[in-house]
Amino acid sequence: MIWDGRTGELLLYRDRAGTKPLFYSTPGGALVFGSEPKALFCHPDITPAIDENSLLELLSIGPARTPGNGIFSGMREVLPGHYQIFSREGMEQVCYWDLTAAPHTDSYEKTVEMVSYLVRDAVKRQMVSDVPVCTFLSGGIDSSIVTALAARHMQKEGKILNTFSFDFSENEKYFKSNAFQPERDLPYVNRMLQYCKTSHTYLECSQEALFAALSDAVTAKDLPGMTDVDASLLYFCSEVAKHNKVTLTGECADEIFGGYNIYKEPLAVPAYDKIPFPIRRFIGKIASHLPKKSGINFLIRRGKKLEDRFIGNAYMFTEEERKKLLKIKTDAPSPAEVVKPFYDRVKDKDPVTKMQFVDLNAWMVGDILLKADKMSMANSLEVRVPFLDKKIMELAERIPLKYRVNDENTKFAMRKAALRRMPEKWAGKKKLGFPVPTRVWLKEDKYYNIVKEKFTGEVAQKYFNTDMLVKLLDDHKNGKADNSRRVWTVYTFLVWYDQFFNDDILNGYAEHTDAKTA
């Protein structure tokens with residue numbers, strides 16, 4: 001915040017990538033702002049009310065809401081890389097930083113060298129702290145390279161890095177039965193610990209403990225929209241690691257360098273794209289009525305334009321599905337219209353770059369960064385994200401597609417750079433994602449009944465056609481479809497609603513707030 005006494009202007013700045021949220025509202029001509037919605041509710045003229053258009057957006061793209069659009073009526077966010085000017089004449093939004101494409105002139109070898117240098121430099125600078133620093137080590141390439149660099153830096157100073165990793169106490173039976181995921185990152189953690197020689201804390205949590213942490217996670221996040229129990233997981237980890245005060249994570253490398261497996265989809269079977277689009281669209285429509293299998297899904301997806309088939313990593317319900325699901329009627333835009341402004345800014349780019357840009361502006365900001373900030377700060381732990389260093393982001397934006405995603409692998413240039421810091425087995429491993437067996441849990445009677453009670457409750461009846469909600473849950477339990485992310489998104493919305501529209505809880509926030517009024 002900057003107050004200019006000469007001009008009578010107040011400026012609210014948000015960081016470039018959106019690592020920290022900043023909300024504001026203008027009740028009765030005043031300006032109220034803070035880092036969390038519940039801080040603004042302490043103002044007597046701000047009453048929590050749901051923006052029903054935003055509820056439809058939540059069902060479209062889950063937690064990856066478009067920055068600036070809020071679930072609360074009358075409340076907005078300052079956009080990443082922007083500042084908001086408030087004066088007697090009104091409000092003005094100004095973009096001070098944006099990724100702009102520049103011709104890439106570096107060779108492949110030079111690109112890899114620059115990635116290696118800039119990541120190493122970013123980790124070194126973000127290690128500067130007058131309080132203990134640790135890392136969260138999942139076993140994936142991103143957290144592993146950050147940990148390897150941080151550990152080496154600490155060893156040069158004669159110190160040992162503290163690291164933390166997590167697993168579920170019940171996971172072993174899921175992997176042994178192959179009922180969830182045949183491979184996971186955890187075995188890589190143990191090998192990385194031997195390689196990096198850190199002081200490690202292994203955290204193990206039960207299903208019951210994680211479900212119990214959900215309430216705290218929802219309170220901390222402020223906003224609805226969780227596609228999995230990963231927010232509870234991060235809250236749990238942050239609570240245990242908080243005596244370190246600062247942690248480095250490998251978050252956002254996938255969005256920056258092109259790490260998600262879905263980014264390879266436009267490159268698959270390029271000959272198919274030579275078929276005229278009207279024919280592909282017709283084939284896709286026929287395929288949509290067939291049982292959903294990998295080959296059928298390919299025909300369905302390639303029968304749509306990229307802007308219609310890729311709404312982001314958290315695409316939940318189609319426009320038709322959410323109309324059936326919701327009782328309320330609004331003029332909310334379609335899912336494709338929600339992300340259209342992002343596609344418009346990269347019209348001349350290749351399909352993979354377009355997909356990355358959508359995820360950078362929606363999924364990364366609305367889910368990954370918000371979740372990391374909220375869960376950690378609720379436990380007085382500061383999360384630092386080296387991959388969002390300004391120079392790294394600017395370089396990554398210029399890396400040609402063939403150095404990002406190709407037939408060999410995703411995050412290609414980064415993986416080659418990682419070979420300079422860690423063994424090939426880690427640098428080349430495929431992306432697995434952290435294994436949270438939500439879809440297995442929701443088939444168990446205990447958790448099925450917990451969710452069903454919410455799906456048939458008073459709040460659910462207010463907004464949803466509850467028979468449709470129960471059908472989603474039943475189809476999942478009976479193995480007809482994997483509806484785990486959809487079920488969890490709606491369930492956590494209902495949990496959130498119970499918390500935020502409870503007068504006793506809201507009244508308690510007044511004693512603990514960072515809200516400012518101008």
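## Phe455 and the nonpolar cores

In this predicted model, Phe455 touches Ala460, Thr466, Leu469, Val470, Leu473, Val487, Val490, Tyr491 and Leu494, a list that leaves out residues up to four places away in sequence. Phe455 is also one of the residues with the most contacts inside the largest nonpolar core, a distinction that Phe257, Phe464 and Phe493 share, and this core has 141 residues. The element that gives the most to the core is helix H25, which spans residues 484-500 and supplies ten residues.

Apart from this core lies another one, of eight residues, and among them are Leu10, Leu12, Leu22 and Phe33. As background, nonpolar side chains in soluble globular proteins tend to be buried together.

## Leu214 in helix H7

Leu214 is found in helix H7, which covers residues 207-221. With a relative accessible area of 4%, Leu214 counts as buried, because the cut-off for that class is under 20%.

When residues up to four places away in sequence are not counted, Leu214 touches Met226, Ser232, Trp488, Tyr491, Thr492 and Val495. Tyr491 is thus named among the contacts of Leu214 and also among those of Phe455. Leu214 and Val229, which are 15 residues apart in sequence, are 7.5 Å apart in space from C-alpha to C-alpha.

## The packing of H15 and H16

Helix H15, residues 351-361, packs with helix H16, residues 363-377, at an angle of about 50°, and their axes are 3 Å apart. The two helices are therefore oblique to each other, since an angle of this kind falls outside the ranges for roughly parallel (under 35 degrees), roughly perpendicular (65 to 115) and roughly antiparallel (over 145).

On the H15 side the contact is made by Val358, Asp359, Leu360 and Asn361, while H16 contributes Trp363, Met364 and Val365. Sorted by character, the residues of this contact divide into five nonpolar, one polar and one charged.

## The four-stranded sheet

An open sheet is formed by four strands in the order S1-S2-S6-S7, and the pairing is antiparallel. Its edge strands are S1, residues 2-4, and S7, residues 90-95, each of which pairs on one side only. From one strand to the next, the twist averages 20°.

Within this sheet, S1 and strand S2, which runs over residues 9-13, pair in the antiparallel sense over three bridges. For Asp4, the bridge partner in S2 is Glu9. In general, the strands of a sheet pair through backbone hydrogen bonds, either parallel or antiparallel.

Key:
Residues numbered from 1 in each chain as written. Predicted model: local features only at pLDDT ≥ 70, side-chain atom pairs only at ≥ 80, totals over all residues. Heavy atoms only, no water. Pairing = 2+ DSSP bridges. Axes fitted to C-alpha atoms, helices over the stretch in contact; angles between N-to-C directions. Contact = heavy atoms within 4.5 Å. Nonpolar A, V, L, I, M, F, W, Y, C, P; charged D, E, K, R; others polar. Buried < 20%, exposed > 50% of the residue type's maximum accessible area, 1.4 Å probe, protein only. Core = buried A, V, L, I, M, F, W, Y, C linked by side-chain atoms within 4.5 Å.
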